[in-house]
Amino acid sequence: TVSVLYWSSIGMASSSGAIREAPLRGGVCLPGERVLRAEGDATLVIGRGLTHVQQLDRQRNRPQPGASTADEDVADIVASVGGRVARDSINVDAPAASSSSADVVPTAAPRYRVVSDGAKRYVPQLGDGVVGVVLRVSPHAYSVHIGAAAVASLEALAFDGASKTNRPKLAVGDLVYARVAEAEADAEVELSCCATGDMPRKDWGTGEAIFGPLPLGATAASVVVSLTHADGLLQNRNTALLVAGTRLGFEAVIGVNGRVWVRVPPGIPRKALVALTRIVIESADCVTPDEAQALVDKYFPPPATAAPGGADVATAGAGPIIGGGGGGSAAVTLGAL
């Protein structure tokens with residue numbers, strides 16, 4: 001049977017079957033429009049803006065009202081709001097293929113959601129990577145603002161390798177990159193900075209953990225962008241940061257909730273950090289790769305090339321904030337899990 005899982009209630013599922021995507025123009029759907037059809041033993045995860053209408057195979061009779069629907073093998077996924085359909089994957093628990101026991105193993109399942117340009121407030125979904133701001137500190141937990149209707153909770157020991165005597169000491173105003181661990185309706189959203197699934201697990205103190213505190217200061221800053229723009233950066237539809245990485249080495253963490261953190265190496269002029277944050281903000285208006293390239297050239301002109309006769313001629317760019325590029329490629333940490 002088809003297993004349709006909501007982000008807030010991922011559980012046991014099988015992983016075979018077919019998922020057919022509707023031919024949407026530009027990947028944009030309208031409210032009530034069919035987006036997907038899942039058949040057989042397919043497993044998929046749906047998020048915001050999507051719902052499913054289960055149907056029996058046409059060769060079978062429809063069940064009577066109130067009858068069991070355990071033999072349903074077709075599910076239509078329709079849009080409840082208009083917007084662009086985004087697709088990635090998430091680990092779910094599935095029965096081990098080589099075992100007859102109840103053992104389960106993580107398996108990747110496609111997940112879909114609708115990104116609406118009109119969305120103003122972030123709605124937490126299980127597995128989302130978010131950049132939050134610490135609002136309150138207590139001995140056992142932190143209250144974190146993630147742009148949702150209510151603050152989220154992060155336990156003080158919810159970090160890889162943390163203990164009562166060795167754990168991060170966050171303060172009000174600090175940034176933290178975490179994943180949404182619980183997002184049940186009518187319940188407090190819970191965050192975690194522990195790796196999950198096949199993510200590499202590194203102690204928080206090593207500085208190599210995927211999740212954890214994000215420092216601010218002379219070399220790091222954060223900005224808030226629209227949910228649509230954040231999604232575009234995450235999915236690499238907007239290539240501005242990728243292009244900037246060819247001119248300047250930096251790190252970036254992009255939260256699904258619309259907050260972006262960037263850091264440049266020590267010794268780089270602060271105006272380079274300012275330029276990088278401007279690129280993050282202004283790239284919301286970039287629709288094509290050429291526009292993204294032009295934006296990066298505006299702040300980080302390409303290196304000068306030697307013209308015939310020995311004179312240096314700039315290949316592109318005008319009015320630079322910093323001269324040339326810092327060299328190296330960007331170490332971009334994206335917030336999709």
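Reader: Before we start, what does contact mean here?

Author: Contact means that heavy atoms lie within 4.5 Å. Keep in mind that this is a predicted model. With that cut-off, and not counting residues up to four places away in sequence, Asn 238 touches six residues you can look up: His 229, Gly 232, Leu 233, Ser 283, Ala 284 and Cys 286.

Reader: Is Asn 238 buried or exposed?

Author: Asn 238 sits in the loop between helix H1 (227–234) and H2. Buried means under 20% relative accessible area. Asn 238 has 9% relative accessibility, so it counts as buried.

Reader: How far apart in space are Asn 238 and Ala 292?

Author: Ala 292 belongs to the buried residues of helix H4 (residues 289–299). In sequence, Asn 238 and Ala 292 are 54 residues apart, but in space the C-alpha to C-alpha distance is 7.4 Å.

Reader: Which helices do the buried residues of H4 pack against?

Author: Start with who they are: Ala 292, Leu 295, Val 296, Asp 297 and Tyr 299. The helices they pack against are H2 (240–244) and H3 (270–282).

Reader: Which residue meets Asp 297 in a salt bridge?

Author: Side chains of opposite charge can pair when their charged atoms come close. For Asp 297, the N to O distance in the salt bridge is 2.8 Å. Asp 297 lies in helix H4 and its partner in the loop between H2 and strand E17 (251–254), so the pair ties together parts 50 residues apart in sequence. Asp 297 is buried, with a relative accessible area of 12%, and the partner is Arg 247.

Reader: And what is the N to O distance between Arg 263 and Glu 251?

Author: Both side chains are partly exposed: Arg 263 has a relative accessible area of 26%, and Glu 251 is at 30%. They meet in a salt bridge, and the N to O distance is 2.7 Å.

Reader: How many salt bridges are there by this rule?

Author: Another one joins Glu 208 and Lys 202, with the closest N and O atoms 3.9 Å apart. There's also a network of salt bridges linking Arg 278, Glu 282 and Lys 298. By the rule, the count comes to six.

Reader: Which residues gather in a patch of negative charge?

Author: This patch is on the surface. One member, Glu 155, lies in strand E12 (residues 152–159). The full set is Glu 155, Glu 182, Glu 184, Glu 188 and Glu 190.

Technical notes. Residues are numbered from 1 along each chain as its sequence is written. This is a predicted model: local features need pLDDT of at least 70, side-chain atom pairs count only at pLDDT 80 or more; totals for chains, interfaces and linings use all residues. Side-chain values use heavy atoms; hydrogens and water are left out. Buried means under 20% relative accessible area, exposed over 50%, partly exposed in between (1.4 Å probe, protein chains only). Helices (H or I, at least four residues) and strands (E, at least two) are DSSP runs, numbered from the N terminus. Patches are made of residues with over 30% relative accessible area and no salt bridge: like charges are joined within 9 Å, nonpolar side chains (Val, Leu, Ile, Met, Phe, Trp, Tyr) within 5 Å. Accessible areas come from the Shrake-Rupley method with a 1.4 Å probe; for residues, only the protein chains shown count as cover. A salt bridge is a side-chain nitrogen of Lys or Arg within 4 Å of a carboxyl oxygen of Asp or Glu. Lys and Arg count as positive and Asp and Glu as negative; His and the chain ends are not counted. The place of a charge is taken as NZ of Lys, CZ of Arg, CG of Asp or CD of Glu.
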